[in-house]
Amino acid sequence: SAISLPPELNDWEEVSPALFPTAIANDREPAPRSSRALPLSCCCLVADVTQRQPRSAVRPPPALGPSSGCGFLMSVVVHGDLALSEQEKELNQRLRSLYPAVNEQETPLPRSWSPKDKFSYIGLSQNNLRVHYKGHGKTPKDAASVRATHPIPAACGVYYFEVKIISKGRDGYMGIGLSAQGVNMNRLPGWDKHSYGYHGDDGHSFCSSGTGQPYGPTFTTGDVIGCCVNLINNTCFYTKNGHSLGIAFTDLPPNLYPTVGLQTPGEVVDANFGQHPFVFDIEDYMREWRTKIQAQIDRFPIGEREGEWQAMIQKMVASYLVHHSYCATAEAFAKSTDQAVHEELASIKNRQKIQKLVLSGRMGEAIETTQQLYPSLLERNSDLLFMLKVRQFIEMVNGTDSEVRCLGGRSPKSQDSYPGSPRLFNSPVHKASSSQTYQTSFDSNYCNGVSSSKGHTLAHSHKSCPPTIPSPEPGVLNGSRGQQTNVSTEVEMEVDHFSNGVSESSSNGFLNGSSTHGIDLEECDADMEVDSAQSKRQLCGGSQAAIERMIQFGRELQSMSEHLRRERGKNSANKKMLKDAFSLLAYSDPWNSPVGYQLDSIQREPVCSTLNSAILETHNLPKQPPLALAVGQAAQCLSLMARTGSGSCAFASVDDYLH
Amino acid sequence: KKNFDMKNAVIGNNRQKANLIVLGAVPRLLYLLQQSSSSLELRTECAVVLGSLSMGTENNIKSLVDCHIIPALLQGLLCSDLIFIEACLRCLRTIFISPVTPVQLLYTDPTVIPHLMSLLSRSQHTQEYITQIFAHCCKTPEHQTVLFNHGAIQNIAPLLISPSYKVRMQALKCFSVLAYENAQVSMTLVNVLVDGEQLSQVFVRMMQRDKPIEMQLTAAKCLTYMCRAGAIRTDDNCIVLKTLPCLVRMCSKERLLEERVEGAETLAYLMEPDIELQRIASVTDHLVSMLADYFKYPSSVSAITDIKRYIDFNSRCNQLDHDLKHAHELRQAAFKLYASLGSNDEDIRKKITETENMMDRIVSGLSESSIKVRLAAVRCLHSLSRSVQQLRTSFHDHAVWKPLMKLLQNAPDEVLVMASSTLCNLLLEFSPSKEPILESGVIELLCSLTQSDSPALRVNGIWALMNMAFQADQKVKVEIVQALGTEQLFRLLSDPDTNVLMKTLGLLRNLLSTRPHIDQIMSSHGKQIMQAVTLILEGEHSIEVKEQTLCILANIADGNTAKELIMTNDDMLQKIKYYMGHSNVKLQLAATFCISNLIWNEEDGSQERQDKLREMGFVDILHKLTQASDPNLCDRAKTAMQQYLA
């Protein structure tokens, strides 16, 4: 599958042809909206588009040496690209499945030899995977090495690469191993400090020393030598043609690079960083270590005193339920585990009500209700209010905010069932489609059940007058009490930005307890249809009046922003928030624009969470539930372990423990 | 009611169990169990109590077996109630897995096995108990055949993917005992599909490194046995890349002592016949030096008791007892594995002998109290003795012949076979140990071996004598002939075992070398030897035997006086003539050699011999042979013809 370049091109490796197509794709900007005219006077609305200049022009193709061979070369390169993209795909897939814990943004994996980090006697070809020797090879002083592009990330847990000996050349003085950045490249791996190698001519291992130790068999043309680094116990072993040769090095330092060294003419080796299946069954070895680490976790001693552990877990669960306002469940749980709830039920229900409004996109009502129930909260916290308003603006664009919905021609019923909205809790892994139905059915019930109070709030929001101070309305409470049954099964939960995956899985757990599963699934299908039917979305639900209201609201928002800046100084987060929101209007189809992600209902979650936390804070309750805190801390610990070189983090994913 | 009390009284209390048995509760329980008039509940309780009693000491089990509990419980299996059946099976399982229970009791009633097979489908418990009984009670090829003929493979294979780990594990164990040295079972196994997957692949999956060690090891055993039985090729990936590495892992320090023993023994067995597997294993995970750790456990009881005095008894003592118990098992397993590793490849042998203290360990292993260790040590020594280099160096340096000679004194046959075979190699001409061995008076011993009932021992005895006689002093040769006695020598020439015959001829040939020795031996034993040669040449023997015999004749023809024994024997000359015209070149060559020696010019009376043989028509034959297509034969004939021309 690899392209084979003619040998005389070997020095051409410095520019990798494979990079160009991707570079083009990344730099392509979506065309700005041109036709549709909107009565916009706010100049800032277009800001984002103008700012987003194409980052860099497409680089010109590399200057090729001999012009005579040019045509031929190009064809080779083109062909190579096709073969390469396949190979690249396979490589990415394999690396992902082997090293799922590695964050490649932070620590990229080695994918080829580095054209920059090598001795001049080394030539690279075949996408920097093939290494050949081009020095004189007279004495050990002519030895030459090359390192991979990146060091081995600790989060691999177990890392593995293979090298195939294409030709042993004159003497077969080849060394395969590891070295730290900066180790002299005019040497074979293993000869210097922080350098480790296994040499083909004598089968010895070299551990930062000029003299080798008897280690394994010799290797030569046709052999495949593998090198495995265990980042948990910091050891390394080699394989020959798929057979493990046993530990070669212990106490390895962190951040080693895969390295090969050659010393005599004619020596050629090919690397496999995952481009092809490995000869040695590395997955099997990794399975063993995953089991070991997980057994270690399972056996970890917890609380000496009996019951202490259980009590703590129950407390965490209870506080989690309360935090997310699952009042009925929280009540039932507290009762059965004999705990006290540290917040009044009414308060929980209030928060629950607000959260539902936010999550269904009815921001105007949410702000209104918050102001009613927690009169001073938003007054004191103008940044929060600003954030809520920006979200309201976005919901207006979306056509979901109550204000524009009234102006739009759509029936409240259909607007209430946001087919997309439940899915927003579902970050990629969410499976419980049934949760949608709960949300949906709840929403419609809600409308019916609390229509009186809703009418009231709507009236207010029309005028968008400054917050009044209404006394808590009994109607609200009554209304929500009517929802009690729904509440108990209502499982949608706001999720903290860093722990999305977590709460979903717990929500699944709750859901499964429900007895009406089969029916839910049917309803869910119906929902999906609705979704596809509404695929043609219109700005503010398509009503001109709503658009005007939205524009007006935008202006108010703009002036609020200016007001805030005058009073409290610049706030880049607020500025960006507003800019991003306004950018929506720059596109004819905001939903499919680069800033369209804001319209996605998943963006309601952080808003909802921030608001909820702010409310809880006023009651002197924790901003985050201890459970989410613990899960988040575990995740942070793992990424800290990755950064500090503890390889066992590779086999201890938090997700594995949340089923 | 009484039963319930009884049950609760005995559970977990061995003394109570013994008491109950002494008081004669067992016959009473068995009686109740067998009464079809008793309620099912009562009968089940009886089975449960008996099951509990059987969990006690070995003595308890003996008493139960003496009370004929087995037939009673087997009878109970005919009942239709599953709970009762499970209780009976559970008790039967406990009894059958005890080493004191005679396995044969399972096979006395021929209807039992088929009935057990039919019960396999009843529940996970029946599956677990029955497969466990099978796994423990399949000890001989006959047992394998019985189980195989009753459909063990088809019935047990689906259990390999049972949701219950215990069932999977016991089913796997069944297959390992069924396949051991059984080609029929092994050949059937490779073609079995479990849920659409080949059985060998199911075993490979069970060897994955995250599976329990017990499962990995047993699956590796299954594949090893299938491979050794010829059902899987030794170069199959599931052997080379999976089974072999898995077994090497089982030898690692991280494993339990029992696992290390089993791993090493199975690995030794797997690669015994295949040099390629030996080569791979020798470089896998430092196996050779890993095995050196097998010797780092206490080797003698006295050493242990010394240590015991100094340490606290409760904790570490148990560990030590455990280690001691396994120490000799470990050593013998390591020796076996070394023997297997080094049986073919010179480089591996070198690597083994260079392992720390290796030769010392073998030497002390040869005189250990445990027969198993001695046998394994001598096997290892034998394997290494195939190396010319090792014979010349380490074997001599460590005087391994001394313990070896001691071992030969009164050892059981299996040890003797290995030891004498090793001795054969030590007696090779280039071995520096040959001299001291000769001086230690080994000839008597070897001669006694030639009188053994075991063909292997006879071969080794005569083989060692043959090696000893090669280019030996006259004194040694005379000693051999005297010690062996001509009677025994000629008895060996009519030995039913061809190997014995070949080596005896070899001994004769070595004795009959250099002219003075030939004349001396022929003058004293010429008549018998010529008789024996005639007998063999006239008999139904292989080409190799006849060739060897003709070579002896050629040696005799080289003697000064011995020649006449042939020249005066016209019958023998006719035989030589016949073999010169034989279709086999080797025989022609040997016969021509003989004639060439007879007509050799420089010796007394050569003229007469030449004349006589010309008269008999040998010249014509020689002339014809100068045209032979085989260059050796052609040369030999020409050289002979030149004797006439000179």
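**A walk through chains A and B**

Chain A holds 22 helices and 14 strands. The model is a predicted one, so everything that follows was worked out from predicted coordinates. Of the 659 residues in chain A, 50% are buried. The chain still exposes about 30,800 Å², and carbon and sulfur atoms supply 55% of that area. As for how the chain folds back on itself, take the contacts between residues at least 6 apart in sequence: 71% of them join residues at least 24 apart.

A good place to start is the sheet. In chain A, 7 strands make up an open sheet, with antiparallel pairing and the order β1-β4-β13-β6-β7-β8-β9. At its edges are β1 (113-118) and β9 (213-214) of chain A, each of which pairs on one side only. Strands of a sheet like this pair through backbone hydrogen bonds. Within the sheet, β7 (residues 195-199) and β8 (residues 204-207) of chain A run antiparallel and are joined by 3 bridges. Here Y196(A) sits opposite C207(A) of β8(A).

Another strand of that sheet, β13 (residues 257-262) of chain A, is home to P258(A). P258(A) counts as buried because its relative accessibility is 0%. Which residues surround P258(A)? Setting aside residues up to four places away in sequence, P258(A) touches P110(A), W113(A), V146(A), R147(A), A148(A), H150(A), I152(A), Y159(A), F161(A), G177(A), L178(A) and F273(A). One of these, I152(A), is 106 residues away from P258(A) along the chain, yet the C-alpha atoms of the two are separated by 7.5 Å.

Next come three more strands of chain A. Strand β2 (residues 122-125) of chain A is covered on both faces. I122(A) and L124(A) point to one side, G123(A) and S125(A) to the other, and all four are buried. Strand β2(A) runs antiparallel to β3 (residues 130-133) of chain A, with 4 bridges between them, and L124(A) stands opposite V131(A) of β3(A). The two strands form a hairpin with 4 residues between them, where Q126(A) takes a positive phi near 50°. Strand β3(A) has a further partner in β14 (residues 267-272) of chain A: these two also run antiparallel, joined by 3 bridges. In this pairing H132(A) is found opposite V268(A) of β14(A).

On the surface of chain A, there is a nonpolar patch of about 490 Å², made by F300(A), I302(A), W309(A), M312(A) and I313(A). One of its members, W309(A), lies in helix α5 (residues 308-323) of chain A. With a relative accessible area of 38%, W309(A) is partly exposed.

Chain B offers a nice helix to look at, namely α40 (residues 606-615), in which S606(B), R609(B), Q610(B) and L613(B) are buried. Why do these residues share a side of α40(B)? They cover an arc of only 100° around the axis, so they end up on the same side of α40(B). The face turned away from that buried side carries E608(B) and E615(B), which are exposed. Cover for the buried residues of α40(B) includes several helices of chain B, namely α37 (563-567), α38 (570-580), α39 (585-598), α41 (618-625) and α42 (631-645). Just past the end of α40(B), G617(B) adopts a positive phi of about 95°.

Elsewhere in chain B, T504(B) belongs to helix α34 (residues 498-511). T504(B) counts as buried because its relative accessibility is 0%. Leaving out neighbours within four places in sequence, its contacts are I462(B), L489(B), L492(B) and L493(B).

Notes
Residues numbered from 1 in each chain as written. Chains lettered and ligands numbered in written order. Predicted model: local features only at pLDDT ≥ 70, side-chain atom pairs only at ≥ 80, totals over all residues. Heavy atoms only, no water. Patch = residues over 30% accessible without salt bridge, like charges linked within 9 Å, V, L, I, M, F, W, Y side chains within 5 Å. Areas by Shrake-Rupley, 256 points an atom, 1.4 Å probe, with all protein chains shown as cover. Salt bridge = Lys/Arg side-chain N within 4 Å of Asp/Glu carboxyl O. Buried < 20%, exposed > 50% of the residue type's maximum accessible area, 1.4 Å probe, protein only. Contact = heavy atoms within 4.5 Å. Arc of directions from axis to C-beta. Pairing = 2+ DSSP bridges.
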